[in-house]
Amino acid sequence: MQKTFLQKVLEYTKPGMTVLDVGAGSLKTASKLTHDGYNVTALDKRVTAVKKQNKVRFIKADFMTWIPDQHYDIVLLENSAQFMPKYELIKKLIQMSPKIITIRTYCGPPDPDFEEAYSMTYYTSDDFVFPEYIAKVTRQYKRKGIDIKSINRVFCTTDYIGIKK
């Protein structure tokens, strides 16, 4: 069975580490990590992400304008980086200087009925170059699937896990 992205990330971490989950959405990943013993801060600019969760610290903010109030061992961007400008995102991550940077982007061709698609950044694995980090996982793959409107599409996923040297 193929490992999930989160399982791959956890191979390089240990419970007790501080995690910033950017674009936390439903808090599913943040809740799992908290349950597994990580100290998680979930950050999302959408109100829909707010749920009462035990031990998950939630901050409602836009990552690109937010100023961290602590250092994080791990910065996790799972399906949120594609909504951020490429160079500004990379600069912010380098400034934060976490021990581990993890990024998963997921995209398909723009859907004319999905406004946010026009502001999405289409990343490739070559886009994530952090001089002070060793890339442990860098891959890009495409798969065919059916979207929520039952339309066949090609979806592209890019994974990156970088460990600070």
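The following questions and answers look at aromatic pairs, a cavity and a strand in a predicted model.

Biologist: What should I know about the model before we start?
Modeller: Residues are numbered from 1 along each chain as its sequence is written, and side-chain values use heavy atoms, with hydrogens and water left out. Because this is a predicted model, local features need pLDDT of at least 70 and side-chain atom pairs count only at pLDDT 80 or more, while totals for chains, interfaces and linings use all residues.

Biologist: How are the rings of Trp66 and Tyr72 arranged: stacked, edge-to-face or tilted?
Modeller: Rings of Phe, Tyr and Trp (its six-membered ring) pair if their centres lie within 6.5 Å, and planes under 30 degrees apart count as stacked, over 60 as edge-to-face and the rest as tilted. A search of the whole structure finds five aromatic pairs. In the pair of Trp66 and Tyr72, the centres are 6.3 Å apart and the planes lie at 45 degrees, so the arrangement is tilted.

Biologist: Is Tyr133, the partner of Phe130, buried or exposed?
Modeller: Phe130 and Tyr133 form an edge-to-face pair, with 5.9 Å from centre to centre and 75 degrees between the planes. Buried means under 20% relative accessible area, exposed over 50%, and partly exposed in between (1.4 Å probe, protein chains only). Because its relative accessibility is 8%, Tyr133 counts as buried.

Biologist: Which element supplies the largest share of the lining of the largest cavity?
Modeller: On a 1 Å grid over the protein atoms alone, a cavity is a set of points where a 1.4 Å probe fits but cannot get out, and lining residues have an atom within 4 Å of a point. The largest cavity has a volume of about 40 Å³, where grid points are joined across faces, edges and corners and the volume is the space filled by probe spheres set on the points. Helices (H or I, at least four residues) and strands (E, at least two) are DSSP runs, numbered from the N terminus, and both α1 (5–10) and β4 (74–78) supply at least two lining residues. The largest share, three residues, comes from α1.

Biologist: Which residue of β2 stands opposite Asp21?
Modeller: Two strands pair if DSSP finds at least two bridges between them, and β1 pairs with strand β2 (residues 39–44) in the parallel sense over five bridges. Val19 and Asp21 point one way from β1, whereas Thr18, Leu20 and Val22 point the other way, and all are buried. Opposite Asp21, in β2, stands Ala42.

Conventions: 1 Å grid on protein atoms, 1.4 Å probe; cavity = no way out; pocket = protein on both sides within 12 Å on 5 of 7 lines; lining within 4 Å.
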